[in-house]
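Reader: I am new to protein models and would like to learn how to read one feature at a time. Could you take me through this one slowly?

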Amino acid sequence: MRELLSVSVDLAERGGKRVTEIAQAQLLEAKEKGKTKEGAKEMLTQGDLESHRAIVNGFLKTYPGITLISEEHENKPVDFNQIPDPNKQLEEVLRAVSSDQQIPLSNIAVWVDPLDATQEYTEGLYKFVTTMVCVVVNGEPTIGVIHKPFEKETVWAWVDKGHSPNLKKSSDVKPNENKRKIIVSRSHAGPVEAVAKKSFGPDTEVVPAGGAGYKTLEVIKGNVEAYVHVTLIKKWDICAGHAILKAVEGKMTTLEGNYITYYPKDNPKVDAGLLATIYNHYDYLKKLAPEMDTLKGKHKR
């Protein structure tokens with residue numbers, strides 16, 4: 001598993017390198033691949049596809065037969081001789097994780113988001129862009145890697161084993177009791193702001209942002225107290241952040257308080273909203289509960 005963690009970090013960064021190279025060369029070739037349930041465009045770029053190839057093919061070369069679930073799909077033949085071997089012994093991982101564990105490959109699945117915040121990527125809002133890898137053991141998010149390619153920052157964690165040196169434990173992140181800050185998607189900041197102020201008080205600040213990976217990291221870093229998402233979201237968007245949250249004793253559930261699993265055959269959609277916190281998770285759920293119908297009602301079509 002420690003080797004798999006090293007490979008996950010290396011490949012997330014490899015995918016991020018392709019994301020930045022394509023942006024710098026202005027070769028995005030953005031196109032619409034569909035629409036969300038709410039009617040917003042879902043974009044696809046060469047950055048998504050090149051990152052997908054770098055990450056997924058790297059895993060397949062290293063672990064033939066491993067179960068992979070990626071946001072993107074491609075059926076082109078691959079010459080694995082042309083793919084560099086990922087680093088299985090990253091020094092940062094070896095220093096931070098002293099013990100190891102062996103788990104049958106059949107119990108493992110890897111969820112990949114090769115480019116989170118594609119819409120923001122096409123708009124040049126690069127700070128929101130991440131590449132993400134999540135290793136799941138028997139449906140449980142166990143290793144999470146979130147890489148911010150334009151800021152050269154990678155945060156990773158293996159639950160109960162270790163984490164990247166730039167990651168703080170929950171005991172080091174103190175909540176601001178005087179003023180709550182809640183991060184939400186740029187596309188629905190308005191409706192959530194009204195509900196947040198009603199639920200938590202008029203001084204509540206709502207921060208609009210792009211990308212589930214970015215927003216979850218803001219919670220983990222203590223820059224905001226909660227991440228609230230009210231529309232459908234996919235599991236590859238949240239799995240890595242969920243694993244890192246678990247490692248620092250945070251929580252991620254649906255807005256109804258249900259735990260989220262990541263079995264390969266699961267429905268990849270989470271349609272009951274999302275709440276991510278470090279502290280006071282059930283207090284947030286309780287205070288949001290009376291406004292659930294309002295939140296969901298505003299986003300039905």
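**Reading a disulfide and its surroundings**

Author: Let us begin inside the protein, where both C134 and C239 are buried. Please keep in mind throughout that this is a predicted model.

Reader: What joins C134 to C239?

Author: A disulfide joins the two residues, with a distance of 2.1 Å from S to S. To recognise such a bond, one looks for a pair of cysteine sulfur atoms within 2.5 Å, and a search of the whole structure with this test finds one disulfide. This pair links distant parts of the chain, since C134 belongs to strand β5 (residues 130-137) while C239 belongs to helix α7 (residues 235-247), and the two are 105 residues apart.

Reader: Is the disulfide of C134 and C239 left-handed or right-handed, and why?

Author: The handedness is read from the torsion about the S-S bond, which is about -50 degrees here, so the disulfide is left-handed.

Reader: Where is T130 found, and is T130 buried or exposed?

Author: T130 is found in strand β5. A residue is called buried when its relative accessible area is under 20%, and T130, at 0%, is therefore buried. If we set aside its neighbours within four places in sequence, T130 is in contact with residues that include P114, L115, D116, I146, H147, K148 and P149, as well as G213 and Y214.

Reader: L115 appears among those contacts of T130. What does L115 itself touch, beyond its neighbours within four places in sequence?

Author: L115 lies in strand β4 (residues 108-116) and counts as buried, because its relative accessibility is 1%. Apart from those close neighbours in sequence, L115 is in contact with V19, T45, G47, D48, E71, Y121, V129 and T130. For V19 we can set two kinds of separation side by side: L115 and V19 are 96 residues apart in sequence, and their C-alpha atoms are 7.6 Å apart in space.

Reader: How far apart are E13 and P149, in sequence and in space?

Author: These two are 136 residues apart in sequence and 7.0 Å apart in space, C-alpha to C-alpha. E13 is found in helix α1 and counts as partly exposed, because its relative accessibility is 31%. Leaving aside its neighbours within four places in sequence, E13 is in contact with H147 and T154.

Reader: And how far apart are T118 and V248, in sequence and in space?

Author: T118 and V248 are 130 residues apart in sequence, and in space they are 27 Å apart, C-alpha to C-alpha. T118 has its place in helix α4 (residues 118-122) and is buried, because its relative accessible area is 9%.

Reader: Let us turn to the backbone. What sign does phi usually have in residues other than glycine?

Author: Most residues other than glycine have a negative phi. Against that background, Q26 can be picked out, for its phi is near 55 degrees, a positive value in a residue other than glycine. Q26 sits in the loop between α1 (2-24) and β1 (31-35), and it counts as exposed because its relative accessibility is 71%. D160 also has a positive phi, of about 70 degrees, although it is not a glycine. D160 is found in the loop between β7 (153-158) and β8 (162-163), and with a relative accessible area of 76% it is exposed.

Reader: How many helices and strands does the protein chain have, and what radius of gyration?

Author: The protein chain has nine helices and 15 strands. For the radius of gyration, one compares the chain with a rule: a compact globule of 301 residues would have a value near 19 Å, and the protein chain has 19 Å, which agrees. Along its principal axes, the C-alpha trace spans about 60 × 45 × 35 Å.

Reader: What share of the residues is buried, and what share of the contacts with a separation of 6 or more joins residues 24 or more positions apart?

Author: Buried residues make up 54% of the 301 residues, and residues 24 or more positions apart account for 70% of the contacts with a separation of 6 or more. As for the outside, the accessible surface of the protein chain comes to about 13,600 Å², of which 46% belongs to carbon and sulfur atoms.

Reader: How many positive and negative side chains are there?

Author: The protein chain has 41 positive and 41 negative side chains, and the centres of the two sets lie 3 Å apart.

Note on methods:
Residues numbered from 1 in each chain as written. Predicted model: local features only at pLDDT ≥ 70, side-chain atom pairs only at ≥ 80, totals over all residues. Heavy atoms only, no water. Helix = DSSP H or I, 4+ residues; strand = E, 2+ residues; numbered from the N terminus. Buried < 20%, exposed > 50% of the residue type's maximum accessible area, 1.4 Å probe, protein only. Rg over C-alpha atoms; globule rule 2.2 N^0.38 Å. Contact = heavy atoms within 4.5 Å. Areas by Shrake-Rupley, 256 points an atom, 1.4 Å probe, with all protein chains shown as cover. Lys, Arg positive; Asp, Glu negative; His and termini not counted. Charge placed at Lys NZ, Arg CZ, Asp CG, Glu CD.
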